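Trainee: Could you take me through one part of this model up close, namely what is packed on the inside? I'd like to follow it piece by piece.

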Amino acid sequence: MQNSKISIQDICSIAIMTAITVVLAQISIPMPLGVPMTMQTFAVTLAGIVLGAKRGAISMIIYVLLGAIGVPVLANFSGGFQHLIGPTGGFLLSFPIMAYLIGIGTKMRRQKGMFLLFLILGTAANYAIGVLMFCILMKASIWTGITACVLPFIPTAIIKAAVASILGLKLQVRLEAALQWT
């Protein structure tokens, strides 16, 4: 019998983080230009920090796939492939990349500034992919995409990243010790 590269603990942790993302996605505030403010990015940040790069990315892949097949896990209890190919689909599609990058930063947090750098890179990847897809589908300029999809969200993004980092790093240290994650 060959050893699995993913343990039962990993599967359960990934499933729990996916479920947490589903719950937090329902905290959604509609915005005037069509891009809602949700707690999804808080959950993605938390996934990257708590689970690390690979497990965090896997939890977000599962979340996005569940949404794609129509399970109502996305904001406002929505689901369906149309959400991934719509104007805000780039934000959803970037979640695994965002979690992965933040997870890398968590692993490198002992090196001065690396955690913050990867936290910013993960968030920037989310915004870049989201804005790019928004601009392409809406036939909008980059400036319009930035003003609709980035600028209104910067203050809350900073707050969500800070709170997720504080909470996530504490949880990650405890889980790492309890589950003997490396």
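Mentor: Let's start with charges: a salt bridge here is a side-chain nitrogen of Lys or Arg within 4 Å of a carboxyl oxygen of Asp or Glu. By that rule this model has 1 salt bridge. Two housekeeping points before we go in. The model is predicted, so local features need pLDDT of at least 70 and side-chain atom pairs pLDDT 80 or more, while totals for chains, interfaces and linings use all residues. Numbering runs from 1 along each chain as its sequence is written, and side-chain values use heavy atoms, with hydrogens and water left out.

The salt bridge joins the side chains of Arg-55 and Asp-10, at 3.3 Å from N to O. Arg-55 belongs to helix H2 and Asp-10 to helix H1, 45 residues apart, so the pair ties together distant parts of the chain (helices are DSSP runs of H or I with at least four residues, strands runs of E with at least two, numbered from the N terminus). Both Arg-55 and Asp-10 are buried, meaning under 20% relative accessible area; exposed is over 50% and partly exposed in between (1.4 Å probe, protein chains only). Contrast that with Ile-8, which also lies in helix H1 but is exposed at 63%.

Now the greasy part. The largest nonpolar core (buried Ala, Val, Leu, Ile, Met, Phe, Trp, Tyr and Cys joined through side-chain atoms within 4.5 Å) has 29 residues, and those with the most contacts inside it are Met-17, Val-44, Met-60, Tyr-63 and Phe-95. H1, H2, H4 (95-107), H5 (114-138) and H7 (154-179) each put in at least two residues, and H2 gives the most, with 12.

Zoom in on Phe-95. Leaving out residues up to four places away in sequence, Phe-95 touches Gln-40, Thr-41, Val-44, Met-60, Tyr-63 and Asn-126, where contact means heavy atoms within 4.5 Å. There's also a second, separate core of 11 residues, among them Tyr-127, Cys-149, Phe-153 and Ala-157.

Ala-157 takes us to H7, where it is one of the buried residues, along with Lys-160, Ala-161, Ala-164, Ser-165, Gly-168, Gln-172 and Leu-179. Their cover includes H1, strand S2 (37-38), H2, H4 and H5. H7 has 26 residues and spans 35 Å from first C-alpha to last, close to the expected 38 Å, which is 1.5 Å times one less than the number of residues. Just after H7 comes Gln-180, with a positive phi near 55°.
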